[in-house]
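Please look through the sequence and the model below before reading on. The paragraphs that follow move from packing to strand pairing and then to charged pairs.

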Amino acid sequence: MEYQEITTEEELRELVGPANPAAYSKATSVLREYERAWIAGSPFCMIATAAEDGTCDVSPRGDPAGFVHVLDERTLAVPDRPGNRRLDTWHNVLRNPHVGMIFLIPGRGDTLRVNGRARLVRVAPFLDEMVVKGNRPKLALVVDVEEAYFHCAKAFMRAKLWDPGSWDPHAVASRARIARATEWTDASLESLEHRYGPSYEQHLYPDASPGAGEP
């Protein structure tokens, strides 16, 4: 198949057309009333980072609503939680501080996007306020906000993301089967079904222990 690529910004803009001026004017460099309220009501966000060589990563983060703390009108703090210890996000931030975030509220199609510069903090008074089920984060991602704006719901509406009638969780193999094929290849399917079964939720907030890292 032959492809015709777009190679210039002029060609791209000519093809797509001009942006509505409101798409730019809505952006803010401070967190106002509605941005703060949205973050307080969000139990889930995604954090995009990139390494020095441009290699990109997007990491999901979830906790009780309001887990990301607004420290002031220009600063956010995201708690670390125990995970697989790959530390992709943290490694990237140490090399390239630029981050992009999307905050979701279940049932809402619009989202809040936040872009800024981040750093890792291991000692701060707010860490004591981020304890969930006895788990105090070892560190937090502190983000200096450079841009924040609300994004329309078109993508979620097209995807019917919150419409239960469109959901088909059995369209692909179970988590246990995927894990056996990709990561736990020596384990039995039965043991993996137990691992990712109802008891999996019991390990979301283990007591802090040496070596706990990010998802």
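**From the core to the charged pairs**

In this predicted model, a useful place to begin is Val68, which touches Ile39, Cys45, Leu76, Ala77, Val78 and Phe103 when residues up to four places away in sequence are not counted. A second, separate core has eight residues, and Ala77 is among them, together with Ala124, Met130 and Val142.

Val68 itself belongs to the largest nonpolar core, a set of 23 residues in which Val68, Leu76, Met101, Phe103, Val114 and Leu141 touch the most other members. Two or more residues of this core are given by each of α3 (33-41), β1 (44-50), β4 (75-79), α4 (88-95), β5 (98-104), β6 (111-121) and β7 (140-151). The largest share, four residues, comes from β7. As a general background to such clusters, nonpolar side chains in soluble globular proteins tend to be buried together.

Strand β4, one of the contributors to the largest core, also has a pairing partner in β3, which spans residues 69-72. The two strands run in the antiparallel sense and are paired over three bridges, while a hairpin of two residues joins β3 to β4. Within this arrangement, Asp72 stands opposite Thr75 in β4.

What, then, do the charged side chains do, and how many salt bridges does a search of the whole structure find? The search finds seven, and the general principle is that side chains of opposite charge can pair when their charged atoms come close.

One of these joins Asp63 to Arg81, whose closest N and O atoms are 2.6 Å apart. Because Asp63 lies in the loop between β2 (56-62) and β3, and Arg81 in the loop between β4 and α4, the pair ties together parts that are 18 residues apart in sequence. Both Asp63 and Arg81 are buried.

Another salt bridge brings together the side chains of Arg32 and Glu35, at 2.7 Å from N to O. Here the two partners are placed differently with respect to the surface: Arg32 is partly exposed, with a relative accessible area of 40%, whereas Glu35 counts as buried because its relative accessibility is 2%, and the cut-off for buried is under 20%.

A further salt bridge links Asp110 with Arg108, the closest N and O atoms again lying 2.7 Å apart. Arg108 has a relative accessible area of 40%, and is therefore partly exposed.

How values were computed. Residues are numbered from 1 along each chain as its sequence is written. This is a predicted model: local features need pLDDT of at least 70, side-chain atom pairs count only at pLDDT 80 or more; totals for chains, interfaces and linings use all residues. Side-chain values use heavy atoms; hydrogens and water are left out. A nonpolar core is a set of buried Ala, Val, Leu, Ile, Met, Phe, Trp, Tyr and Cys residues joined through side-chain atoms within 4.5 Å. Buried means under 20% relative accessible area, exposed over 50%, partly exposed in between (1.4 Å probe, protein chains only). Contact means heavy atoms within 4.5 Å. Two strands pair if DSSP finds at least two bridges between them. A salt bridge is a side-chain nitrogen of Lys or Arg within 4 Å of a carboxyl oxygen of Asp or Glu.
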